[in-house]
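This report describes side-chain interactions, burial and surface character in one protein chain. The sequence and the structure are shown first.

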Amino acid sequence: MTKDFTILIEEDYGSNNICAYVPELRLNVVGDTEEEVIICVQDLIQTTLEEATQTFVSKIVTVPVKLPNNAKFTLYSSAV
């Protein structure tokens with residue numbers, strides 16, 4: 001049996017690394033590449049589920065925020 005987990009992947013340009021966070025299990029990993037963190041987070045999920053004694057309820061919500069006229073940022077988003 002398999003289950004899909006939502007993973008938030010972020011690039012940290014200051015530390016020059018990639019972070020992956022699994023909200024449903026409260027897990028995170030850090031690595032040098034996206035591929036590395038995906039492999040590591042899969043292993044961590046597997047290990048966590050084998051030893052799980054507690055579950056969490058998580059949800060992702062979107063909230064509207066009015067931006068100032070001079071707001072300058074770029075959003076990057078992609079689904080794996």
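Asn 17 has a relative accessibility of 19% and therefore counts as buried, the cut-off for this class being under 20%. The model discussed here is predicted. Asn 17 lies in strand 2, which comprises residues 17-22. Apart from neighbours within four places in sequence, Asn 17 is in contact with Glu 10, Glu 11, Asp 12, Val 30 and Gly 31.

The relative accessible areas of three residues are set out below.

| Residue | Relative accessible area | Class |
|---|---|---|
| Asn 17 | 19% | buried |
| Glu 24 | 27% | partly exposed |
| Leu 67 | 45% | partly exposed |

Glu 24 also takes part in an ionic interaction. The structure holds one salt bridge, formed by Lys 3 and Glu 24 with their closest N and O atoms 3.2 Å apart. This pair links distant parts of the chain, the two residues being 21 residues apart. Lys 3 belongs to the segment before strand 1 (8-12), whereas Glu 24 belongs to the loop between strand 2 and strand 3 (27-31).

Lys 3 has a further partner: its charged end sits over the ring of Phe 5, at 4.8 Å from the ring centre. As for pairs between aromatic rings, a search of the whole structure finds zero.

Leu 67 is placed in the segment after helix 1 (34-51). Together with Val 61, Val 63, Val 65 and Phe 73, Leu 67 forms a nonpolar patch on the surface. The accessible area of these residues together is about 520 Å².

How values were computed
Residues numbered from 1 in each chain as written. Predicted model: local features only at pLDDT ≥ 70, side-chain atom pairs only at ≥ 80, totals over all residues. Heavy atoms only, no water. Phe/Tyr/Trp six-rings, centres within 6.5 Å; stacked < 30°, edge-to-face > 60°. Lys NZ or Arg CZ within 6 Å of the ring centre and 35° of its normal. Patch = residues over 30% accessible without salt bridge, like charges linked within 9 Å, V, L, I, M, F, W, Y side chains within 5 Å. Areas by Shrake-Rupley, 256 points an atom, 1.4 Å probe, with all protein chains shown as cover. Salt bridge = Lys/Arg side-chain N within 4 Å of Asp/Glu carboxyl O. Helix = DSSP H or I, 4+ residues; strand = E, 2+ residues; numbered from the N terminus. Buried < 20%, exposed > 50% of the residue type's maximum accessible area, 1.4 Å probe, protein only. Contact = heavy atoms within 4.5 Å.
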